[in-house]
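Here is a short briefing on one protein structure. Keep the sequence and the model open while reading.

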Amino acid sequence: MATMRKIFVQAANQISIQQPLCNDWVEHPIVYSEPFCRSIDPDFKPYVSPVEGRRMGKILKRALAVSLQTLRDCQLEKPEAVITGTGLGSVESTEAFLLDMCQNGEQLLKPTHFMQSTHNTIGSLVAIQTQCHGYNATYSHKQISFESALYDAWLQLKAGEIGNALVGGHDGTTPNYFRLLELADYVGNGMQGTCGEVAMAALLRTEDQTFAYSPLCELVSVKLLHRPTREQWQTVIASMQLPEDLVVFSGENGHPANDALYAELLPAILPGKSTIPYKRWFGECFSASALGFYAAAEYIHLGKENN
C-alpha cells in the first residue's frame with residue numbers, strides 16, 4: 001500500500017546565525033546576547049557566479065546555496081519536486097522596492113527588486129537552477145509556513161506521487177522589519193533570546209529510492225495543529241508510539257509570553273521527557289521551525305553515529 005511507504009530525511013543543510021553549511025553548532029555553538037542578528041553567510045561562489053549573485057537578494061543566494069549543497073550531499077542532480085515555506089518571502093527586496101517608491105517619487109525604480117519581491121521567487125529560482133520541471137509550490141502562512149510545506153511533501157511522498165522532494169524553509173529579517181516585529185511584541189520587549197534568519201533545505205525520499213549514503217533519519221509522521229487546546233495536544237500525543245528515550249525539540253525563544261505556554265504544557269503532556277529549546281542556537285523568525293526540524297534530524301543522525 002502507498003500509505004505504508006517509509007519516508008527518510010536523506011540530507012539537510014542550513015544557513016543561520018550559526019556557522020553555515022555545517023553542524024559546528026552541536027559542539028561549538030555561537031552564543032548571542034544581541035536582540036537581532038543577521039545570518040552568517042558562506043562563500044557563495046561555489047553555488048552562484050558573481051555575475052548572477054549581484055542580481056540576487058541575500059535570501060535567494062542563501063536558499064540556492066543550501067539547496068544545491070543538499071543535492072550534492074545526496075549526489076543528486078535535480079529533485080522531483082521543490083516545496084518551499086516562507087513567512088516573509090524576499091522581504092529585503094520588497095522593502096527596497098517600497099523605499100524606492102517613497103523616496104524617489106515612484107521614479108527610477110529598480111525592476112530587479114520588484115521581480116524578486118514575490119514569495120514564490122525563492123522556490124522558482126531553486127527549480128530553475130536545478131532544472132526541476134516537476135511539482136513546485138510555496139506556502140506563506142507566517143509561523144507555520146515550513147510545516148505546511150513539509151506536510152505537502154509528506155502527503156505526496158506517502159501517496160507515491162513523487163519519489164523525493166527538496167523541502168525548504170527560508171526567511172530573512174531586516175533591521176526595519178525587526179523594529180516592526182518589536183512593535184507587534186513578536187520579539188524584543190523583555191525577550192531573552194535573539195531574532196535571527198534562516199535558510200534550510202532538506203531532501204526527503206521514499207524507501208524505494210537508493211542513495212550512496214545512509215539517511216539522517218526516518219520521518220515517521222507529520223502533525224499540524226492550529227492553536228490546539230491541551231486536550232487536543234493530549235489526544236495527539238496519546239495516539240503516537242513514543243519511545244522511552246524521547247527528546248523533544250521545543251520552541252522556547254526567551255520571550256515570556258511565548259515560553260509560558262511551553263512551561264505549562266510540556267511537563268503536563270510529556271512528563272519526564274528531555275527537551276531541547278533549539279531557538280537558543282538559531283534564534284526566532286517566522287521559519288525558525290525549519291531549523292528545529294534540521295537540528296532534530298542532525299541530532300538523531302549524530303546519535304546513531306556515536307552509538
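## Nonpolar cores

The largest nonpolar core has 36 residues, and the members that touch the most others are Val9, Met200, Leu204, Leu219 and Phe293. This is a predicted model. The points below go from the cores to strand S5, then to helix H9 and the salt bridges.

- Several elements give two or more residues to this core. The strands are S1 (7-15), S2 (81-85), S4 (164-171), S5 (198-206) and S6 (217-219). The helices are H6 (145-159), H10 (279-282) and H11 (288-306).
- H11 gives the most to this core, with 7 residues.
- Leaving aside residues up to four places away in sequence, Leu219 touches Ile7, Phe8, Val9, Leu150, Trp154, Leu204 and Phe293.
- Another core lies apart from the largest one. This other core has 26 residues, including Tyr47, Ala63, Val82 and Leu125.
- As a general background point, nonpolar side chains tend to be buried together in soluble globular proteins.

## Strand S5 and its partners

- How many residues of S5 are buried? The count is 9 of the 9, so S5 is largely enclosed by the rest of the structure.
- Val198, Met200, Ala202, Leu204 and Thr206 point one way from S5. Ala199, Ala201, Leu203 and Arg205 point the other way. Both sets are buried.
- S1 and S5 run antiparallel and are joined by 8 bridges. Ile7 has Thr206 in S5 as its bridge partner.
- S4 also pairs with S5 in the antiparallel sense, over 8 bridges. Here Gly169 stands opposite Met200 in S5.
- Met200 thus appears twice in this briefing: it is among the core members that touch the most others, and it faces Gly169 across a strand pairing.

## Helix H9

- Helix H9 covers residues 256-269, with 14 residues. From first C-alpha to last it reaches 20 Å, close to the 20 Å expected at 1.5 Å a residue.
- Which residues of H9 are buried? They are Leu265, Leu266 and Ile269.
- These buried residues cover an arc of only 100 degrees around the axis, which puts them on the same side of H9.
- The general rule is that an α-helix has 3.6 residues a turn, so residues three or four places apart point the same way.
- Ala263 and Pro267 are exposed on the other side of H9.
- The cover over the buried residues of H9 includes helix H8 (230-239), strand S7 (247-250) and strand S8 (274-277).

## Salt bridges

- The structure holds 7 salt bridges. Three of them are described here, one by one.
- **Glu92 and Arg38.** Their side chains meet at 3.5 Å, N to O. Glu92 is in helix H3 (residues 91-103) and Arg38 is in the loop between S1 and helix H1 (50-53), so the pair ties together parts that are 54 residues apart in sequence. Glu92 is partly exposed, with a relative accessible area of 31%. Arg38 is partly exposed too, at 25%.
- **Arg62 and Asp41.** Their side chains meet at 2.7 Å, N to O. Arg62 is in helix H2 and Asp41 is in the loop between S1 and H1, so the pair ties together parts that are 21 residues apart in sequence. Asp41 counts as partly exposed at 30% relative accessibility.
- **Lys45 and Asp43.** Their side chains meet at 3.8 Å, N to O. Lys45 is exposed, with a relative accessible area of 61%. Asp43 counts as partly exposed, at 45% relative accessibility.
- Shared partners join some salt bridges into one network. Its residues are Arg38, Asp41, Arg62, Glu92 and Glu197.

## Arg62 within the network

- Arg62 lies in helix H2, which spans residues 58-73.
- Is Arg62 buried or exposed? Its relative accessibility is 1%, and buried means under 20%, so Arg62 counts as buried.
- Which residues does Arg62 touch, not counting those up to four places away in sequence? They are Ile15, Ser39, Asp41, Phe44, Glu197 and Ala199.
- Among these contacts, Asp41 and Glu197 also belong to the salt-bridge network.
- Ala199, another contact of Arg62, is one of the buried residues of S5.

How values were computed:
Residues are numbered from 1 along each chain as its sequence is written. This is a predicted model: local features need pLDDT of at least 70, side-chain atom pairs count only at pLDDT 80 or more; totals for chains, interfaces and linings use all residues. Side-chain values use heavy atoms; hydrogens and water are left out. Helices (H or I, at least four residues) and strands (E, at least two) are DSSP runs, numbered from the N terminus. Buried means under 20% relative accessible area, exposed over 50%, partly exposed in between (1.4 Å probe, protein chains only). Contact means heavy atoms within 4.5 Å. A nonpolar core is a set of buried Ala, Val, Leu, Ile, Met, Phe, Trp, Tyr and Cys residues joined through side-chain atoms within 4.5 Å. Two strands pair if DSSP finds at least two bridges between them. The expected span of a helix is 1.5 Å times one less than its number of residues. The arc is that of the directions from the helix axis to the C-beta atoms. A salt bridge is a side-chain nitrogen of Lys or Arg within 4 Å of a carboxyl oxygen of Asp or Glu.
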